[in-house]
Amino acid sequence: EYVFDSNNMRRRAATALIDAVLCKRGVLKVGWNVAEDRPMVRVLEPGAVFFDQTVRDPDDIRYWLEAAVIPWTEFQRRVKSGAYKSDKLADVTPDRYPKWISDTYKTNDVGPLRDAFEWVTVWEYYDRENNKVMHYVRQADAVVFESEIDYIPYSMFSLNQSAVDCLGLSEVQLVLNQQETINDLLTHMKQIVYLMIPRILYNSELISEEDLNKAVESASGSFVGISPTNAEGIRSLGTLFYEMPIPQVPVGVENFIARQEADAAFISALAEAARGQVAGARTATEMAIIDAQMRTRLATREGHINTALEDVAEKCFYLSKKYMKAAKLVRVSGHEGWSEVGLSEIRDVDVNFSMVSYNPIRQNPSVLAETLLKLFPLLAQDPNVNKRMLMEELITGVGLPSKLLIPAEEVEAQQQAAMQQLAAAQGAPPADGLGGAALPPEIAAMMGGAPEQVASTETTTAAEQQPAEASLAAGGPSPVRA
């Protein structure tokens with residue numbers, strides 16, 4: 001979680017997902033940031049990465065080749081630091097950003113800006129069979145860096161398999177035919193809608209266009225002078241204007257467009273719940289149907305993304321065990337505090353990551369609140385359930401602020417004060433005299449009722465043993481005896 005948060009992994013994963021939708025695949029590269037002493041994750045341009053296309057699974061790729069375009073200043077820094085060594089480094093000169101890497105729409109918008117800087121293209125070649133990495137500069141026709149490597153920094157995924165190689169299929173290509181058909185029909189429907197705008201035809205033999213424009217542009221209630229060619233024929237305005245036919249949109253076209261949109265949604269696995277159209281589901285049956293539908297249609301594509309992110313996490317952890325120097329303060333999931341993690345704690349640890357996908361429909365707050373309200377009476381009567389935690393879950397589940405609850409420390413202080421006041425009123429020693437221990441409610445209730453019961457019993461017994469004269473006040477009259 002620390003590595004993903006420091007790399008803004010949510011934004012980077014979204015960028016890689018867009019690449020997979022538009023450009024067939026998304027490519028993530030994991031490296032080590034020496035300055036910040038942490039793993040570094042970058043999203044690469046799919047067109048700048050080449051690999052072995054004779055295999056059908058990314059794990060079987062034997063070599064990777066990346067056209068890494070770096071600034072001229074970065075290339076000079078690597079030469080000065082000794083990272084790049086060759087007798088032909090003097091032949092390397094800065095150049096423009098390669099236009100063949102980016103798509104046409106990117107070149108038109110960003111091309112002028114990139115041409116304002118100086119770049120150098122370095123080809124990074126990763127040989128998986130021999131575990132070697134080489135950096136090649138084409139201008140000098142020389143290998144400027146070579147070393148051994150024990151991991152491949154690339155993690156690639158695609159949403160749709162091509163069944164031929166591991167290039168994948170673009171999501172746009174799958175629905176391209178349906179989208180083109182819909183666009184053509186919408187273009188014709190737009191023309192029909194334009195023709196539906198009311199238009200008025202007039203007899204040009206009876207009145208000129210100049211007179212009509214004069215009448216339209218004149219003020220309300222004003223008199224407009226015209227010069228008709230046939231004064232007798234213009235006396236009846238009904239014979240001057242005609243109604244233009246208005247076309248109607250064919251019903252079959254609308255149905256066909258709806259069918260094409262439904263086919264495209266089915267191919268892209270766009271369930272209604274995924275588009276937010278079933279956000280009001282409340283019952284368990286509705287939730288189960290939605291969950292089954294989304295798992296059936298999206299399980300494969302979601303699994304491809306999760307596998308790539310798990311691979312990125314494993315590489316980040318491996319690089320941390322190998323290169324991390326200073327300890328990091330990280331927040332462990334499921335705990336409120338922060339823990340210090342150093343190289344000694346993770347050096348001998350082997351970790352397997354598993355992505356837990358978040359489903360906002362399954363965790364619908366209204367469904368959880370309704371379920372909790374139904375179970376609250378049963379849970380409140382169970383002695384094994386923490387009543388305070390149950391109340392906290394209920395308050396947060398219905399969307400109320402947690403500050404409505406009195407803090408636990410304040411509640412305990414109020415209970416202690418109430419017990420001490422009760423004990424002082426009954427003449428019993430305070431709770432502090434018992435070693436500071438609080439009395440249970442049952443014992444406190446027994447103590448509260450015992451003195452009254454004892455006093456009542458003693459009074460009754462004394463009244464029965466003493467004669468009637470003794471019960472009278474001093475100096476009072478004697479009782480009358482029959």
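Which side chain is joined to that of Arg38 by a polar contact of 3.2 Å? To find out, select Arg38 in this predicted model, and keep Asn7 on display beside it, since the side chains of Arg38 and Asn7 are the two joined by that polar contact of 3.2 Å.

**Stop 1: Arg38 and its surroundings**

With Arg38 still selected, colour the chain by secondary structure, and you will find this residue in strand S2. Arg38 is buried, its relative accessible area being 13%. If you show the residues around it and set aside those up to four places away in sequence, Arg38 touches Tyr2, Ser6, Asn7, Trp32 and Asn33.

Next add Glu36 to the selection, where the side chains of Glu36 and Arg38 form a salt bridge with an N to O distance of 2.5 Å. The two partners differ in their exposure: Glu36 is partly exposed, at 44% relative accessible area, whereas Arg38 is buried, at 13%.

**Stop 2: Asp37 and Lys328**

Now select Asp37 together with Lys328, which form a salt bridge whose closest N and O atoms are 2.9 Å apart. Lys328 belongs to strand S11 (residues 328-331), while Asp37 sits in the loop between strand S1 (26-33) and strand S2 (38-44), so this pair ties together parts that lie 291 residues apart in sequence. Both ends of the bridge can be checked in a surface view: Lys328 is buried, with a relative accessible area of 11%, and Asp37 is buried as well, with a value of 12%.

**Stop 3: Val3 in helix H1**

Move on to Val3, which is placed in helix H1 (residues 2-6) and counts as buried at 15% relative accessibility. Once its neighbours within four places in sequence are left aside, Val3 is in contact with Pro39 and Cys316. Draw a distance between the C-alpha atoms of Val3 and Cys316, and the viewer should give 7.4 Å for two residues that are 313 residues apart along the chain.

**Stop 4: the second largest pocket**

Select Lys29, Met40, Arg78, Glu124 and His135, which are the residues nearest the centre of the second largest pocket among the 47 that line it. The space in this pocket comes to about 1500 Å³. Which strand gives the most to the lining of the second largest pocket? Highlight strand S4 (residues 63-71), which contributes six residues and gives the most to that lining. If you colour the lining of this pocket by residue class, it divides into 26 nonpolar, six polar and 15 charged residues.

Keep Lys29 and Glu124 in view and add Glu66, for Lys29, Glu66 and Glu124 are linked in a network of salt bridges. As a general point, side chains of opposite charge can pair when their charged atoms come close.

**Stop 5: helices H8 and H6**

Turn to helix H8 (residues 251-267) and select Arg259 and Asp263, which are four residues apart in this helix and therefore separated by about one helical turn. Their side chains meet in a salt bridge, with an N to O distance of 3.5 Å. Is Arg259 buried or exposed? At 54% relative accessibility, Arg259 counts as exposed, whereas Asp263 is partly exposed, at 28%.

From Asp263, go across to Gln178, which lies in helix H6 (residues 176-195) and is buried, with a relative accessible area of 16%. Apart from its neighbours within four places in sequence, Gln178 is in contact with Gln260, Asp263, Ala264 and Ile267.

**Stop 6: Val411 in helix H13**

Select Val411, found in helix H13 (residues 408-425), where it counts as partly exposed at 26% relative accessibility. With neighbours within four places in sequence left aside, Val411 is in contact with Arg388 and Ile406.

**Last stop: the whole chain**

Finally, clear the selection and show the complete chain, which has 14 helices and twelve strands. Of its 482 residues, 27% are buried. Among the contacts in the chain with a separation of 6 or more, 62% are between residues 24 or more positions apart. The structure holds 13 salt bridges, and those visited on this tour include the pair of Glu36 and Arg38, the pair of Lys328 and Asp37, and the pair of Arg259 and Asp263.

Methods:
Residues are numbered from 1 along each chain as its sequence is written. This is a predicted model: local features need pLDDT of at least 70, side-chain atom pairs count only at pLDDT 80 or more; totals for chains, interfaces and linings use all residues. Side-chain values use heavy atoms; hydrogens and water are left out. A salt bridge is a side-chain nitrogen of Lys or Arg within 4 Å of a carboxyl oxygen of Asp or Glu. Buried means under 20% relative accessible area, exposed over 50%, partly exposed in between (1.4 Å probe, protein chains only). Helices (H or I, at least four residues) and strands (E, at least two) are DSSP runs, numbered from the N terminus. On a 1 Å grid over the protein atoms alone, a cavity is a set of points where a 1.4 Å probe fits but cannot get out, and a pocket is an open set with protein on both sides within 12 Å along at least five of seven lines; lining residues have an atom within 4 Å of a point. Grid points are joined across faces, edges and corners, and a volume is the space filled by probe spheres set on the points. Ala, Val, Leu, Ile, Met, Phe, Trp, Tyr, Cys and Pro count as nonpolar, Asp, Glu, Lys and Arg as charged, and the others, Gly among them, as polar. A polar contact is a pair of N or O atoms within 3.5 Å; within protein, one must be able to donate a hydrogen and the other to accept it, and residues adjacent in sequence count only if both atoms are side-chain atoms. Contact means heavy atoms within 4.5 Å.
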